[in-house]
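I opened this notebook to record, entry by entry, what I looked up in the structure shown below. I began with the strands and then went on to the empty space inside.

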Amino acid sequence: MDAHGKGFSIVKTKNNRQKLNDRSMESIVNIFRSGTVLRSIALCALLCALSCKTKSEQSANTLANDEVAFSMGSFGYDREFLSKHYKNMVVLENGESSILISPELQGRVMTSTASGDEGHSFGWINHELIKSGEIKEHFNPTGGEERFWLGPEGGQYSLFFEKDSNFELDNWYVPQELDTEAFNLVRRTEDKAYFERDMKLVNYTGTTFDLRVQRNITLLDKEDAAEILGLNIPETLKMVGFASENNLTNIGPEDWDKKTGLMSIWILSMFNSSDHTTIIVPFKKGDEDILGKKVTDDYFGKIPKERLQVGDSVLFFKADGKERGKIGISPQRALPVMGSYDAKSKVLTIAKFSLREGATDYVNSLWELQEFPYSGDAVNAYNDSGDLGPFYELESSSPAMDLKANESSSHIHQTFHFVGDEDELEKLAQGILGVSIKELSGE
């Protein structure tokens, strides 16, 4: 297997018994040459060896014949791999479209495919970390095509830093409830899975939150996609789509207040990066004096212009997994859609999500004590450097949730992958994102 796992498949090697049988038959043939009587005995032995196999041999051959070899990068490979390491994996299927969900990882959609077991696996999976069985102290980047988190990450209302600690990497911890602990699978149907988990979290100021998370995953078909996206999906294109409805309930006795900190639902989708993949984020066009800056692009240092191109109403961000960078769009500029395009594999990915009209209070995740803790982003995208893995992320957030006791609020995030003819994908990109993808192919 090379560094990228090419040529690796889930199959068992041939039994060494065959080599022993070859040597046994060679010995019989030698005896066969030694004399008439011995030739008769040897002939019977040879025929027996050729026609009779032990029960264990027959069983081994049947097992080998029943197994299907899946190459790394395929949905079948990831399904077999993850099923060996996590319990009770949930598969939702409709024809060749499938998604794979892990209750052990917070009802996380691990990956999906539009082309059956042998089709491309769209979610980024950290095979090496999962295989090692290691549990990291700060964060376990196991991957997954869509995971549930809560914000803010930084600031005086952070859920990722303990009270009075410095905002440094050594002090940053992902809450276990969002990292390594399981959600309960409440029930499932042919195309839906329902998860739930109660939590008690404490923020940087010491405020305690008692909350219930309900996360419902639905496999979508082309009719659903057409209704959600507002245009017909050509029959010639392959597609997989799914929606997560994420609900947060304040089950504690106290109302949640801006003065002591609020939370937001934060959905992050990890996809496989490549040299041919570009993130596409449309946003509202307008004067910066009215709408504010177009994009925040200096979370981890300013992103170079050759990696990020910002127009009047759309940006293009290189998703090659080779240089760390993150962008953010404010609620004043954000639109409820973004996407990416892999020009080599001809895959158009769309993320559609709820964006509450008029809501401007979004939690601020900057790693500092903040003057404006509710001036955060509604939309984010991230490209990794390869330190964690060759992946990129599309992210959406809910507004800050000032819930009274027993009140609830929700955030919906929908993911679609379309695969096929670029002319058909071009029509979808124009209709959904308002951009041409052909220029991303060098045309």
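Entry one, on strand pairing. I looked up strand β2, which covers residues 97-102, and found that 5 bridges join β2 to β3, the two strands running antiparallel. I kept in mind while reading that this is a predicted model. For one position across this pair, I noted that Ile-99 stands opposite Ser-112 in β3.

Entry two, on the whole sheet. I then followed the order of the strands, and it reads β1-β2-β3, an open sheet of 3 strands with antiparallel pairing. I wrote down that β1 (90-94) and β3 (108-113) are the edge strands, and because each has a single partner strand, one side of each is left without a neighbour in the sheet. From one strand to the next, the twist averages 15°.

Entry three, on the helix beside the sheet. I looked up helix α4, residues 75-85, and saw that α4 lies across β1, β2 and β3, while its direction makes an angle of about 25° with β2.

Entry four, on empty space. I reminded myself that rolling a probe the size of a water molecule over the atoms shows where empty space is left. How many cavities of 30 Å³ or more are there? The count comes to 1 cavity, and the space in the largest cavity is about 30 Å³. I listed residues that line the largest cavity, among them Pro-152, Gly-154, Gln-156, Asn-364 and Tyr-374. Sorting the full lining by type, I recorded 4 nonpolar residues, 5 polar residues and no charged ones.

Note on methods. Residues numbered from 1 in each chain as written. Predicted model: local features only at pLDDT ≥ 70, side-chain atom pairs only at ≥ 80, totals over all residues. Heavy atoms only, no water. 1 Å grid on protein atoms, 1.4 Å probe; cavity = no way out; pocket = protein on both sides within 12 Å on 5 of 7 lines; lining within 4 Å. Points joined across faces, edges and corners; volume = space filled by probe spheres on them. Nonpolar A, V, L, I, M, F, W, Y, C, P; charged D, E, K, R; others polar. Pairing = 2+ DSSP bridges. Helix = DSSP H or I, 4+ residues; strand = E, 2+ residues; numbered from the N terminus. Axes fitted to C-alpha atoms, helices over the stretch in contact; angles between N-to-C directions. Contact = heavy atoms within 4.5 Å.
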